[in-house]
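Open your viewer and get ready to click through a protein, one selection at a time. At each stop you'll get something to select and a note on what is there.

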Amino acid sequence: RLLSVLRRRCDTAGKRLTGPGLAAEGHVLRAVLYVYHSRLLRHRPYLALQQVEQCLKRLWKMNLVGSLETLVELIPKKNASKANAECLVPSQPMLETVALKVLGGCKLILRLLDCCCKAFVLSIKHLCSQEFILLNTVASGLLSRLWFVIQYRCVLETLTSLYGALWTMLHLVSETQQTPYIKGFTFPSDISDFLGVNVSSEAKKQKAKMLATKKSTSWMKKLFPVMPEAVSKVGKKRKSETCASAVKNHSIPCPVDIGETVV
């Protein structure tokens, strides 16, 4: 029963980590940083974006997905475990290695969420100051999507639940035969003790912080001031007249600009 739970949680964690959302946001982030590299080397939101990219790079380089796939291959299938009274289980060194990577991955994802939150707040502040409007608009959208992809696709929660199954299996295997591989480190029974924070409460705090920054939408009024009523009416009248003349003279090949003047 424990082996089937572990297999299922490994599969779920692997799918969440290799999902299209996380990979797509990573590609967009790298493209944005590449485009603005020579122009904004000392711009604070740009530096914060670099920290986000650094966390993503470290997450991929630790090859957590590869370790999970290897562990799944070592877990016997359901039919094999039913057919025999005894079955092979993953060794203690293998379980310790994967558990350590899961702990590191959770720490990295927490850091990634924190960097996303800080970079998002900085982007909104600089957007209010009307600095690099295009970059900060793109960055704020990208960061909010990346944060929500990680949080609402439950990547972090999936890894924490996976660690629970890993720790239980590791405890049973070590009781059967002591072959410790990682020495000088005690694997915590509760991952919250290792992370130092409660995952759900920390996510709620960050979400409240981001939404509070987003709610102060006075920057939109600064960037796009409300047109006076008289100017608005003149613009609408001119637009309707231009549209009518364009429809009447539809055979004229030259293009007609039916846009409204931005004040």
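Start by selecting C10, a buried residue with a relative accessible area of 2%. Before you go hunting for more, keep in mind that you're looking at a predicted model.

**Stop 1: the cysteines**

Stay with the cysteines and select C115. Is C115 buried or exposed? Its relative accessible area is 2%, so C115 counts as buried. Now add C55 to your selection, since C55 holds the cysteine sulfur closest to the sulfur of C115. Why is there no bond between them? The two sulfurs are 4.1 Å apart, which is too far for one. A disulfide would need the sulfur atoms within 2.5 Å. How many disulfides does the structure hold in total? The count is 0.

**Stop 2: zoom out**

Clear the selection and switch to a cartoon view. You should find 12 helices and 0 strands. Follow the chain along its sequence and the pattern reads α-α-α-α-α-α-α-α-α-α-α-α.

Next, colour by burial if your viewer can do that. The protein has 263 residues, and 39% of them are buried. Turn on the surface too: the accessible surface comes to about 16,000 Å², with 58% of that belonging to carbon and sulfur atoms.

One more thing to think about while you're zoomed out is who touches whom. Take the contacts with a separation of 6 or more: 82% of them are between residues 24 or more positions apart.

**Stop 3: helix 7 and its partner**

Select residues 133-152, which make up helix 7. Inside helix 7, pick out S140. With 10% relative accessibility, S140 is buried. Which residues does S140 touch, leaving aside those up to four places away in sequence? Show F120, S123 and I124, and you have them.

Still in helix 7, select R145. Show E25 as well, and you'll see the two side chains meet in a salt bridge, 3.2 Å from N to O. This pair links distant parts of the chain: E25 sits in helix 2 (residues 20-35), and the partners are 120 residues apart. Try comparing how much of each partner shows on the surface. R145 is partly exposed at 41% relative accessibility, while E25 is buried at 10%.

**Stop 4: a salt-bridge network in helix 6**

That was one bridge; a search of the whole structure finds 4 salt bridges. To see others, select helix 6, residues 92-128. Show the side chains of R111, D114 and K118, which are linked in a network of salt bridges.

Take the network one link at a time:

- R111 to D114: the closest N and O atoms are 3.8 Å apart. These residues are 3 apart in helix 6, so about one helical turn separates them.
- K118 to D114: here the closest N and O atoms are 3.3 Å apart. The two residues are 4 apart in helix 6, again about one turn.

Are these residues hidden away or out in the open? Each falls in between: R111 is partly exposed at 38% relative accessible area, D114 is partly exposed at 24%, and K118 is partly exposed at 42%.

**Stop 5: the aromatic rings**

Last stop! Select F185, F187 and F194, which form one aromatic cluster. How many aromatic pairs does a search of the whole structure find? It finds 2. A quick tip for looking at them: a pair of aromatic rings is described by the distance of the centres and the angle of the planes.

Look at F185 and F187 first. Their ring centres are 5.1 Å apart and their planes meet at 85°, an edge-to-face pair. Now look at F185 and F194: the centres are 6.4 Å apart and the planes are at 85°, so this pair is edge-to-face too.

Check the surface once more around these rings. F187 is buried, with a relative accessible area of 12%. F185 is partly exposed at 29%, and F194 is partly exposed at 28%.

Before you close the viewer, add K107 to the selection. Where is K107 placed relative to F194? K107 lies over the face of the F194 ring, at 5.5 Å from the ring centre.

Definitions and conventions:
Residues are numbered from 1 along each chain as its sequence is written. This is a predicted model: local features need pLDDT of at least 70, side-chain atom pairs count only at pLDDT 80 or more; totals for chains, interfaces and linings use all residues. Side-chain values use heavy atoms; hydrogens and water are left out. Buried means under 20% relative accessible area, exposed over 50%, partly exposed in between (1.4 Å probe, protein chains only). Contact means heavy atoms within 4.5 Å. Accessible areas come from the Shrake-Rupley method with a 1.4 Å probe; for residues, only the protein chains shown count as cover. Rings of Phe, Tyr and Trp (its six-membered ring) pair if their centres lie within 6.5 Å; planes under 30 degrees apart count as stacked, over 60 as edge-to-face and the rest as tilted. A charge sits over a ring if NZ of Lys or CZ of Arg is within 6 Å of the ring centre and within 35 degrees of the ring normal.
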